[in-house]
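Colleague: Could you take me closely through one part of this model, beginning with a loop and then working outward to what surrounds it? I would like a connected account rather than a list.

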Amino acid sequence: MPFGYASPEQIMRDKADYARKGIARGRSVVVLQYEDGILFVAPNPSRALHKISEIYDRIGFAAVGRYNEFEELRLGGIRYADINGYTYDRSDVTGRGLANLYASNLGRIFTESIKSLEVEVVVAEVGDTPDGDAIYRLTFDGSVFDEHGFAAMGGQAEAVATRLKERYREAMPLADALEVALTALTEPGGERTPVAQLEVAVLDRKREHRKFLRLTGARLERLLSQASAGGATPQETAEEPGAAPGDDASGDSGTSGASGGSAASGTSGASGQATPPAATPPPTGPDGDIDDGSSPL
């Protein structure tokens with residue numbers, strides 16, 4: 001037997017062990033469906049190096065492992081989507097096509113290179129209905145898994161996935177889905193990741209054209225407070241940027257105008273002054289930064 005010989009099976013096992021150890025050092029990422037789309041949640045202390053990003057109109061990307069390696073995959077996916085969307089049609093760019101591209105590249109690198117990539121990737125696509133949503137998880141060797149409902153990856157992926165399975169339910173409101181994700185990412189008896197170190201984004205099917213939206217700042221804090229209170233009404237977090245939330249004051253005043261008009265006139269007759277109507281504050285847009293694709297990575 002020649003000196004230094006190793007069987008192909010042993011070489012593949014060594015590559016796989018090497019990649020798993022590198023991925024295990026990273027923090028976990030959770031991707032799950034909610035009633036209006038797909039939610040991404042990742043503990044990430046960096047404000048510049050994103051684990052979660054937009055690929056195309058309906059497609060989002062999340063990854064764990066070595067940043068320089070999955071960032072190269074992300075950029076390659078954006079180029080693939082842009083070229084195909086321009087050459088053919090924007091609807092021809094799909095999450096399944098992008099997952100197949102990633103699987104081919106990861107598998108070739110794992111087989112032919114001395115060192116495999118230390119990455120795990122999720123490609124998610126939001127559909128017009130919940131049945132059209134798709135979540136694809138890809139491992140370092142090019143294997144593709146079509147996940148249903150949720151996916152977890154990273155250092156404690158198995159434990160996180162177990163906690164997700166216990167709490168996940170279909171068609172959850174956004175605030176409830178965020179609560180489930182954070183509970184799954186937190187070790188039993190451990191402390192939750194601070195809001196400033198969370199990276200949260202959604203693919204919202206109700207948004208026009210580009211479905212990807214980052215949840216940051218006051219918007220994220222408000223969503224977390226709704227989840228803690230247990231009464232989630234998260235529609236304002238998924239509205240189109242700049243759209244004002246609905247104001248029920250006009251409807252109430254219209255109702256009271258018919259029944260309370262005589263009371264108001266009676267009061268004015270007794271006191272000589274009519275009570276002026278309450279001023280309605282001007283509408284404001286939702287808080288938080290919008291990922292318009294201009295921030296450098």
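Modeller: Ala171 sits in the loop that joins α4 (157-167) to α5 (174-185), and in this predicted model its phi is near 60°, a positive value in a residue that is not glycine. Most residues other than glycine have a negative phi. With a relative accessibility of 56%, Ala171 counts as exposed, because the cut-off for that class is over 50%. A second residue with this kind of backbone is His209, whose phi is likewise near 60° and positive in a residue other than glycine. His209 is placed in the loop between β9 (198-204) and β10 (212-215), and its relative accessible area of 49% makes it partly exposed.

The elements that flank these two loops meet again in the interior. The largest nonpolar core has 29 residues, and those with the most contacts inside it are Leu32, Leu39, Val41, Leu164, Leu178 and Val200. Two or more residues of this core come from each of β1 (29-34), β2 (37-43), β8 (150-153), α4, α5, β9, β10 and α6. The most is given by α5, with nine residues. Apart from this core there is another one, of 22 residues, which includes Val31, Val126, Met153 and Leu203. Within the largest core, Val200 is one of the residues with the most contacts. Leaving aside residues up to four places away in sequence, Val200 touches Leu39, Phe40, Val41, Leu178, Arg214, Leu215 and Leu220.

Leu220 leads to helix α6, where the buried residues are Arg219, Leu220, Leu223, Leu224, Gln226 and Ala227. Viewed down the axis of α6, these buried residues fall within an arc of 155°, so they line one face of the helix. That set of buried residues packs against α5, β9 and β10, while Ser228 and Ala229, on the other side of α6, are exposed. The length of α6 can be checked as well: its 13 residues (217-229), at 1.5 Å a residue, should span 18 Å, and the end C-alpha atoms are 19 Å apart, which agrees.

A further helix pairing is worth setting beside this one. Two packed helices are described by the angle between their axes and the distance between the axes. The axes of α1 (residues 8-24) and α3 (residues 95-112) come within 10 Å and cross at roughly 120°, which makes α1 oblique to α3. On the α1 side the contact is made by Met12, Lys15 and Ala16, and on the α3 side by Phe110, Thr111 and Glu112. Phe110 also belongs to the buried residues of α3, together with Gly95, Gly97, Leu98, Ala99, Tyr102, Ala103, Leu106 and Gly107. For the 18 residues of α3 the expected span, at 1.5 Å a residue, is 26 Å, and its end C-alpha atoms are 26 Å apart, which agrees.

As for the wider setting, the secondary structure of the protein comes to eight helices and 10 strands, and of its 297 residues 42% count as buried. Among the contacts in the protein with a separation of 6 or more, residues 24 or more positions apart account for 67%.

Technical notes:
Residues are numbered from 1 along each chain as its sequence is written. This is a predicted model: local features need pLDDT of at least 70, side-chain atom pairs count only at pLDDT 80 or more; totals for chains, interfaces and linings use all residues. Side-chain values use heavy atoms; hydrogens and water are left out. Helices (H or I, at least four residues) and strands (E, at least two) are DSSP runs, numbered from the N terminus. Buried means under 20% relative accessible area, exposed over 50%, partly exposed in between (1.4 Å probe, protein chains only). The expected span of a helix is 1.5 Å times one less than its number of residues. The arc is that of the directions from the helix axis to the C-beta atoms. Contact means heavy atoms within 4.5 Å. A nonpolar core is a set of buried Ala, Val, Leu, Ile, Met, Phe, Trp, Tyr and Cys residues joined through side-chain atoms within 4.5 Å. Axes are lines fitted to C-alpha atoms, for helices over the stretch in contact, and angles run from 0 to 180 degrees between N-to-C directions. Angles under 35 degrees count as roughly parallel, over 145 as roughly antiparallel, 65 to 115 as roughly perpendicular and the rest as oblique.
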